Amino acid sequence: MKKYWKSIEEKDTNDVSVVENQKDLSHKSTIEDIVADIPYKEPASRRDFLKLCGFSITAATLAASCETPVRKTIPYLVKPEEIVPGIANYYASSLFDGGDYCSILVKTREGRPIKIEGNELSSMTKGGTSARVQASVLSLYDDARLKSPLKKGDKTTWSQVDDNIKSLLREAKDSGKKIVILSSTIISPSTKSVYNDFIKAYPNTQVVYYDAISASALLQANKLSFNEQVIPDYRFDKAAVIVSFGADFLGTWLSPIEYTKGYAKNRKLDAKKTMSRHIQFETGMSLSGSNADERIPIKPSEEGVILANLYNELAGLLNKKALENVPKTSRKLKSIAKELVATRRKSLVISNSNNVHIQLLVNAVNNLLENYNNTIDLNNPLQLKQGLDADMDTLVSDMNSGKVEALILNNVNPVYDYPQVDKFIEGLKKLKISISFSGTLDETASLVDFVCPDNHYLESWGDAEPKKGLFSLAQPTINKLFDTRSAQESLLKWTGNNISYQNYVSEYWKKSIYPLQSKAGLKKSSFKKFWIKSLQDGVFEVANLNTNKKHDFNAKDLKNAVANAVKANKQIAGSFELYFSESIALGNGKHANNPWLQELPDPITKACWDNYASISIPDAKKLGFKNGDVVVLSTKNNKKIEIPVLLQPGQAQGALSIALGFGRKSAGKVGNNVGQNVFALAEVKGGNTTNFITEVKLAKTHKNHDFALTQTHYSMEGRDIIRETTLAKYLKNPTSGNEKHEKYKGKIKSLYEARPHIGNHWGLSIDLNSCTACGNCIIACQAENNVPVVGKDEVRRRRSMHWMRVDRYYSNSVDTPEVLHLPVMCQHCDSAPCENVCPVAATTHSKDGLNNIAYNRCIGTRYCMNNCPYKVRRFNWYAYTESSKFDFNMNSDLGRMVLNPDVVVRVRGVVEKCTMCVQRIQEGTGKAKQENRELEDGEITPSCVQSCPADALIFGNMNDKNSRISKKLEDERTYHLLEEMSVLPSVAYQTKVRNQPNKLV
């Protein structure tokens, strides 16, 4: 059997129990914490004995008398017509926070948003979401949100703010100096119109787009290559071979929800025998790299030379002219080049480099492969990132030279994420007026003259055009919680226009979008009907709006690109290269105060509440580093930080990786001082902020850091819960890799009679070929089921509360490991071991196949947890609500507004786990019963299933032989975890298939 391992320690030892017991704090009770405080060198005193005795009696009393506190409710005096207590309302809207875009449906209960779902009507996101989209609802109820406008840090009123700002803006206008709106990328057509109206009122205004993690080099390269400063539409659904250079397109790069949809479509083996092939060159192990069929670790400085060599290999096969003066690389590229040529016009080569020369080489490779107008579309560009780094650098220079009089900041925080932050702060001091629309007192807002807090997006009107011709609307789903105002409305007021932004958006659509309905193939209707329909759908998409214009490739800059690639490949002995990655959870750091995201384990390292320097195993051994050793990292510019190291399989030797988005100083109580801010370590080269630096040195300290890791909690214990094969073997034998399923099939033995399932028998199917381990399902489950955040210390004690986890396993060598992800939740066994041992029958089996828990009956013996072979049950060690120790989101009235009233908030001392979202099952069956009809297949979807961007999960009735899940269960790839135990799980998995033609034998 192929050996899988979850950590370096486990790989290096055959005794799994030794690894499992390392730093195992899960067994420590509060009594043991007390005992730990007693000095054992001295005899136990009478006082210590009474201390323990008193606690034991108190604990027993609490366990016996725990009750949910009584809460009084106030009925509606005048009930709004659209609100029926106990019935959810859904509103179509859009999320765009300057980086992430998603067309969404917002679930509200009694007027408060509690859950985000994807909008299936969007042709771009197609009902998918991401972890950050799911968690965005919690930011609405963030205690750190500003409650009113501020002037010099003091509370003021909107009328005073408007009077002061209008006066100062008039002075700035008369001064002849610049008024600058420094904004994140704007994809809202109506907001751009507001900017234009502001410029008309103040003609000396300039708009500068600034993206903390930008696509500046990609935009510039396309301008040079095709005279189009755009990000193309990458069609992963059309790509037979994908070669990525550091672009984590499944996790963070550009439009991961959209790309995951297209990628997963080509990885599924339903009713077809082909799948795409994915090759990833990268420095640190990314989510995309972990899903690749072939992954090659490289240092960032190697990328340009590898690309130039790949171009020459392709040119040789296609009888084209090769690039000159290209040094040879040790990387083997011949087979990759042959695959790309064999799939010409159906391949895709991408890079996340912020170096123009690298992106020019990528363009040249794609042009050679004739991918443009096939898998790459320049006519329908993605508009999510429009900022050029050089424009920001020019602005800072102008601020310091006195050319700027006023600065208005919209959705940006350069004091935190701009590399040359000292220059920006100095320039800020020289301005006559500075204004921020930040909703919190972030690092930049705390330094400006006026803070005019913007509404949260769930309180706002708005629109978006993420791609040319694809429009979506945003509408408020709750009345404003605080005295905030939309940024657009503030700008309009300062121009003397008192129109509400709602009316402004409506008027804009009437003038500019409504006339396009004929091009969308719609019958002409009144604007009112068009507006209402667009609001209800959330999207309005114009087909064939864009031309099939051909773009000629301009190769004149290729020679210079090669020269720069060769120059960048220079090796610096005795030092490291440092690569800046983007966190799946926190992104650019804007969401650092969101506790759901802080506690979301990284899909690769399984660490949360931290960032760290990932280092290769050989480099760590050479330097004598262990996991958690704190080092001083210094750059050639004498910038230093202290950060722990984490030994990462697959990390490129000679290179480190550190995630951005951490180290906030003014985020809020949750996000402050978590990890280190490494934005300031980046350098500006060729007008762009680099995503890696060279000549980095490490010095060991005598400190050690204890990570909050979740993956060390679980081990395979030598069992084959991971099943995989190659495409070639699968085509020869569809049961390849899953032979043991046949061994156990039909040989189930149990001491108990088979349970009858009347009507429905609910089950879940998970396709390991589709699942990317993005973590979306974890946050969706947390939002739906009121799963508490427990914090870093409790995670260290193995007390994380997530109802589902996605285990990560390595195989092969530590240098080039293969990775497999395995989502695990309660398996809802028909012969559930947990049910037999509960002394109070708190866990029982339902007639439709669910393993239920009666919380008010559970007394917390935890026998069920000990008897569960899947380790999927969670124990409430503490009262996580209204507790100062767990000061996250469930101990304030504002934070608790996010709770789902359909799901009980569990009290201390009970066991909880995945319920297959039983509240949704009850709602769906009740609705069908009320309408006197049978349930339709797919009508009920648990939160994890509904939000999955890869469509990896299927939920349904296994008693219905025509249901999708029943057909999945007949698939030759289907198996169950621990089949040999005969516990009859209701969750099935499909064997992982890798497209590895080099492993035919």
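## Ser 351 and its surroundings

Leaving out neighbours within four places in sequence, Ser 351 touches Phe 245, Ala 247, Trp 253, Glu 303, Ile 358, Gln 359 and Val 362. Keep in mind that this is a predicted model. With one of those partners, Glu 303, the serine also makes a side-chain to side-chain polar contact of 2.5 Å.

As for where it sits, Ser 351 belongs to strand S13, which covers residues 347-351. Its relative accessibility is just 2%, so Ser 351 counts as buried, the cut-off for that being under 20%.

## Thr 712, out in a loop

Now for Thr 712, which is found in the loop between strand S30 (708-709) and strand S31 (724-726). Thr 712 has 27% relative accessibility and therefore counts as partly exposed.

If you want a feel for distances, take Thr 712 and Asn 291: they are 421 residues apart in sequence, and their C-alpha atoms are 21 Å apart in space.

## The second largest cavity

There are 14 cavities of 30 Å³ or more here. The second largest cavity holds about 200 Å³ of space. It has 20 lining residues, and the ones closest to its centre are Ser 130, Ala 131, Gly 251, Pro 256 and Ile 257.

What kinds of residues make up the lining of the second largest cavity, by class? The tally is 12 nonpolar, six polar and two charged. Helix H5 (131-139) and helix H9 (256-267) each put at least two residues into that lining. Going by domains, domain 3 (233-380) and domain 5 (724-747 + 757-994) each give at least three residues to the lining of this cavity.

Terms used
Residues are numbered from 1 along each chain as its sequence is written. This is a predicted model: local features need pLDDT of at least 70, side-chain atom pairs count only at pLDDT 80 or more; totals for chains, interfaces and linings use all residues. Side-chain values use heavy atoms; hydrogens and water are left out. Helices (H or I, at least four residues) and strands (E, at least two) are DSSP runs, numbered from the N terminus. Buried means under 20% relative accessible area, exposed over 50%, partly exposed in between (1.4 Å probe, protein chains only). A polar contact is a pair of N or O atoms within 3.5 Å; within protein, one must be able to donate a hydrogen and the other to accept it, and residues adjacent in sequence count only if both atoms are side-chain atoms. Contact means heavy atoms within 4.5 Å. On a 1 Å grid over the protein atoms alone, a cavity is a set of points where a 1.4 Å probe fits but cannot get out, and a pocket is an open set with protein on both sides within 12 Å along at least five of seven lines; lining residues have an atom within 4 Å of a point. Grid points are joined across faces, edges and corners, and a volume is the space filled by probe spheres set on the points. Ala, Val, Leu, Ile, Met, Phe, Trp, Tyr, Cys and Pro count as nonpolar, Asp, Glu, Lys and Arg as charged, and the others, Gly among them, as polar. Domain bounds come from an automatic or database domain assignment.
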